[in-house]
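Open the structure in your viewer and switch to a cartoon view. Could you walk me through its strands, one selection at a time? Gladly.

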Amino acid sequence: LSRRSIENPKQINVKRIIGLPGDTIITRGPKEKTRVLVPEGRIWIEGDESFRSRDSNMYGPVPLGCVQGRVFAIVWPPNRVGLLSHQEREGRLAKRSEIPQHS
């Protein structure tokens, strides 16, 4: 997806959608790995380089209203030009058995 930067609204960022409302995400990046439930009206986004990406691992789930558009192709650098394919979220979504049940 493309979205406006939180830090600089004149800048557009491209990130991957990792989690939708209701998904439980296993975090990565600068914080210790934890599980986060993505609330209604928000999504979990991540950049390709977790060690320097400013994404949901830093800010938490972001509002759906921040989404500007859908990215479907790479145009730069020339050796990566082409259509994007769907990538599985394996290892990023918590399995139902790993989610603590509250009564």
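The tour below goes through the strands and their pairings.

Before you click on anything, keep in mind that this is a predicted model.

**Stop 1: strand 6.** Select residues 42-46, which make up strand 6. How many of its five residues are buried? Four of them are, so the strand is mostly covered, with buried standing for under 20% relative accessible area.

**Stop 2: strand 3 beside strand 6.** Add residues 16-19 to your selection: this is strand 3, and it runs antiparallel to strand 6. Three bridges join the two. To see one of these pairings, show Arg16 and look across to its bridge partner in strand 6, Glu46.

**Stop 3: strand 7.** Now bring in residues 62-63, which form strand 7. Strand 7 pairs with strand 6 over two bridges, again in the antiparallel sense. Which residue of strand 7 does Ile43 stand opposite? Label Val62 and you have found it.

While side chains are on display, here is a handy rule: in a regular strand they alternate between the two faces of the sheet.

**Stop 4: the open sheet.** Next, colour strands 2, 1 and 8, which form an open sheet in the order 2-1-8 with antiparallel pairing. Its edge strands are strand 2 (12-14) and strand 8 (67-69), each pairing on one side only. Rotate the view and compare neighbours: on average, neighbouring strands of this sheet are turned by 40 degrees against each other, direction ignored.

**Stop 5: strand 1 with strand 8.** Finish by zooming in on residues 2-4, strand 1, which is joined to strand 8 by two bridges in the antiparallel sense. Pick Arg3 here; its bridge partner in strand 8 is Val67.

Technical notes
Residues are numbered from 1 along each chain as its sequence is written. This is a predicted model: local features need pLDDT of at least 70, side-chain atom pairs count only at pLDDT 80 or more; totals for chains, interfaces and linings use all residues. Side-chain values use heavy atoms; hydrogens and water are left out. Buried means under 20% relative accessible area, exposed over 50%, partly exposed in between (1.4 Å probe, protein chains only). Helices (H or I, at least four residues) and strands (E, at least two) are DSSP runs, numbered from the N terminus. Two strands pair if DSSP finds at least two bridges between them. Axes are lines fitted to C-alpha atoms, for helices over the stretch in contact, and angles run from 0 to 180 degrees between N-to-C directions.
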